[in-house]
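Q: Please take a close look at one part of this structure, the lining of its pockets, and then follow the surroundings from there. I am in my first year, so please explain each term once as you go.

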Amino acid sequence: RGGGGEMRQEVPDALVRCREGRVSREALLNLVLQLRTKTSNDCFSQRVDEVLVPDYYHEEAGPRSRGMTAWGTQAMCFDWMEQRARLGHYPSVAAVERDVHLIATNAVTFHGAGDARNAEARKLFAACDEIFWKWACSCLGAYPCRRCQMDSFPHNRVLLCSSCCHGIHEQCLTAKGCGISFVHPLRAPGGRPGMEGPGGCFFCSEDCFKRFYDTSRRILVPSPAALGGEAL
C-alpha cells in the first residue's frame, strides 16, 4: 500500500507502454538503472534526511510532507526513480529525464559551488545528458511531438524543451520557441547539436522558459575561470 492507503500492484510489462506507445516499461527501467551507474554518491541515491538536513525541505507542513524543497521544487533521488520505473509510473523517456534533472538541479541549488556534491551533480547531469541525446538520435519514438504524437522528420524536426523535456515539431509550435539563446547553466556551450539553440536551450512555451529561468537563477556553479575556462 502507498502512504495514502491506496493499493499498488505491479502491471505486466506487455500491458505497460509510455503514452506514445513506443518505449516499454522494461526499457524505461533499464534506462533508470543505467543512469544510476553514472554516480557513486549516496546523496543522489536516497532521499535527503530531513532530520539531518532540516533546511532542505519546505518550511510549511503540507508541501514538506509531499517532499517539496525549500526553494519549491520536488525532491528526487534514484531510489524513488527506480521505484517509479518498476511500478510502471514513467510514461516516457522525457519523464525520466525530468526527474534526473531534478536530482542534479536540486543538488547544485542547495550545495555551494565549491562543494564536492555540487561538482558531482554537474558531472551526473553531463553524463546523463549524453545518454538522453543518444536516445533522441537513435531510438524512433523516444521523443515524439507532444502535440501531434508523430516522430521527427528531416523536413519537420522535433525540438527538445530544456524545461519540460518534451519534444515538439517546429511546425507544431503555436508560437516561436522562447529563449533559444539562453545559456544552460549545466550544459556545455553548443547544447545538443541540431536540436537546440547555441546557448544549449530551447523552450516550447513561455511558461517553460519562465520556470527554467526561475530555477537557473538559484543554481550555484563555479565561474568559467574557476573551472579552467570550461562552462558547465
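A: The element that gives the most to the lining of the largest pocket is α7, with five residues. The name α7 belongs to a numbering from the N terminus, in which helices are DSSP runs of H or I with at least four residues and strands are runs of E with at least two. The model is predicted, and for that reason local features need pLDDT of at least 70 and side-chain atom pairs count only at pLDDT 80 or more, whereas totals for chains, interfaces and linings use all residues. Residues are numbered from 1 along each chain as its sequence is written, and side-chain values use heavy atoms, with hydrogens and water left out.

The largest pocket holds about 470 Å³ of space. Of its 19 lining residues, those closest to the centre are Thr73, Leu102, Ser163, Arg211 and Thr215. Two elements, α5 and α7 (206–218), give two or more residues to this lining. A pocket here is an open set of points on a 1 Å grid over the protein atoms alone, where a 1.4 Å probe fits and protein lies on both sides within 12 Å along at least five of seven lines, and a lining residue has an atom within 4 Å of a point. Points are joined across faces, edges and corners, and the volume is the space filled by probe spheres set on them. By class, the lining of the largest pocket has six nonpolar, nine polar and four charged residues, where Ala, Val, Leu, Ile, Met, Phe, Trp, Tyr, Cys and Pro count as nonpolar, Asp, Glu, Lys and Arg as charged, and the others, Gly among them, as polar.

The second largest pocket holds about 300 Å³, and of the 20 residues lining it, Cys43, Gln46, Val48, Tyr56 and His111 are the closest to its centre. Both α2 (42–45) and α5 supply at least two residues of that lining, and the largest share, four residues, comes from α5. Its classes are 13 nonpolar, three polar and four charged residues.

Helix α5 also takes part in a salt bridge, a term that means a side-chain nitrogen of Lys or Arg within 4 Å of a carboxyl oxygen of Asp or Glu. The side chains of Arg84 and Asp99 form such a pair, at 2.7 Å from N to O. Arg84 sits in helix α4 and Asp99 in helix α5 (residues 93–110), and this pair links distant parts of the chain, 15 residues apart. With a relative accessible area of 6%, Asp99 is buried, whereas Arg84, at 29%, is partly exposed; buried means under 20%, exposed over 50% and partly exposed in between, with a 1.4 Å probe and protein chains only.

By this rule the structure has nine salt bridges in total. Another joins the side chains of Arg36 and Asp79, at 2.4 Å from N to O. Because Arg36 lies in helix α1 (residues 25–36) and Asp79 in helix α4 (residues 78–86), this pair ties together parts that are 43 residues apart in sequence. Asp79 itself is partly exposed, with a relative accessible area of 32%.
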